[in-house]
Amino acid sequence: TEQKVLLNQQSIIGDLGMGVVWYGLFLVTWYILLREINFSKRTVLIASGPFGILTENSGSILFGIIANPILGTILALMIGLVYAIFPYLAYLLTEHRFPIRNNPSPYHYALIPLLFFLFWAVYGNIIHPFLLSIKN
């Protein structure tokens, strides 16, 4: 049987909606960080890519690197680039709108994976099951 790679196996519209929620919350997570802390654009790029590799398709991108190192690495780099570029571009376009913020300390850098994990856990355990329960 054919297995679709979708967040919502029943509907492409539902899948697109879930994608909007997922990526929207990813941007909200960055907004929470950037409104108070003056992270560089490079930090946004470097932190976002690995998050995408670890979480995209429930971690199967990371498994793909192990299963097929050449093709898996190419796919992981593409996924990482997508996750890195869209918050980077959003920050590039809106950075001038942020007020004067604190320069990052080592503590602030530790907040990035902590908030990413919190976002991932809340989405996976609460939001995603709720969205799946909605009938299209």
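Is Ile46 buried or exposed? Ile46 counts as exposed, because its relative accessible area of 56% is over the 50% cut-off. That residue gets its own view below, and every panel shows a predicted model.

**Figure 1. The whole chain is built from helices, with no strands.**
Start here to get your bearings. The protein chain has 5 helices and 0 strands, and reading along the sequence gives α-α-α-α-α. The chain runs to 136 residues, and 34% of them count as buried.

**Figure 2. Ile46 on helix H2, with Tyr88 across from it in sequence terms.**
Ile46 belongs to helix H2, and its relative accessible area is 56%. For a distance to check in your viewer, take the C-alpha atoms of Ile46 and Tyr88: they sit 9.7 Å apart in space, with their positions 42 residues apart in sequence.

**Figure 3. One salt bridge, Lys41 to Glu95.**
If you're counting salt bridges, the total comes to 1. The two side chains that meet are those of Lys41 and Glu95, with 2.9 Å from N to O. Lys41 lies in helix H2 while Glu95 lies in the loop between H4 and H5, so this pair ties together parts that are 54 residues apart in sequence. How much of each partner is open to the probe? Lys41 is partly exposed, at 25% relative accessible area. Glu95 is partly exposed as well, with a value of 25%.

**Figure 4. The second largest pocket, with a lining that holds no charged residues.**
This pocket has about 190 Å³ of space. Its lining is made up of Ala47, Pro50, Phe51, Leu54, Thr55, Ile112, Pro113, Phe116, Phe117 and Trp120. Sorted by class, that's 9 nonpolar residues and 1 polar one, and no charged residues. Which helices supply at least two residues each to the lining? Helix H2 (41-55) and helix H5 (106-133) both do.

**Figure 5. Tyr109 of helix H5 and Thr43, paired by C-alpha distance.**
Tyr109 is placed in helix H5. Its relative accessible area is 38%, so Tyr109 counts as partly exposed. Pick out Thr43 too: the C-alpha atoms of Tyr109 and Thr43 are separated by 8.9 Å, although the two residues are 66 residues apart along the chain.

**Figure 6. A nonpolar patch on the surface, around Ile74.**
Which residues form this patch? They are Ile70, Leu71, Ile74, Leu75 and Met78, and together they have about 500 Å² of accessible area. Zoom in on Ile74 and you're on helix H4, which spans residues 69-94. Ile74 counts as partly exposed because its relative accessibility is 43%, a value between the 20% and 50% cut-offs.

**Figure 7. Asn57, a residue with positive phi that isn't a glycine.**
If you're checking backbone torsions, stop at this one. Asn57 has a phi of about 55°, on the positive side, although it is not a glycine. Where does Asn57 sit? Its place is the loop between H2 and helix H3, the latter covering residues 60-67. Asn57 is partly exposed, with 38% relative accessible area.

Terms used: Residues are numbered from 1 along each chain as its sequence is written. This is a predicted model: local features need pLDDT of at least 70, side-chain atom pairs count only at pLDDT 80 or more; totals for chains, interfaces and linings use all residues. Side-chain values use heavy atoms; hydrogens and water are left out. Patches are made of residues with over 30% relative accessible area and no salt bridge: like charges are joined within 9 Å, nonpolar side chains (Val, Leu, Ile, Met, Phe, Trp, Tyr) within 5 Å. Accessible areas come from the Shrake-Rupley method with a 1.4 Å probe; for residues, only the protein chains shown count as cover. A salt bridge is a side-chain nitrogen of Lys or Arg within 4 Å of a carboxyl oxygen of Asp or Glu. Helices (H or I, at least four residues) and strands (E, at least two) are DSSP runs, numbered from the N terminus. Buried means under 20% relative accessible area, exposed over 50%, partly exposed in between (1.4 Å probe, protein chains only). On a 1 Å grid over the protein atoms alone, a cavity is a set of points where a 1.4 Å probe fits but cannot get out, and a pocket is an open set with protein on both sides within 12 Å along at least five of seven lines; lining residues have an atom within 4 Å of a point. Grid points are joined across faces, edges and corners, and a volume is the space filled by probe spheres set on the points. Ala, Val, Leu, Ile, Met, Phe, Trp, Tyr, Cys and Pro count as nonpolar, Asp, Glu, Lys and Arg as charged, and the others, Gly among them, as polar.
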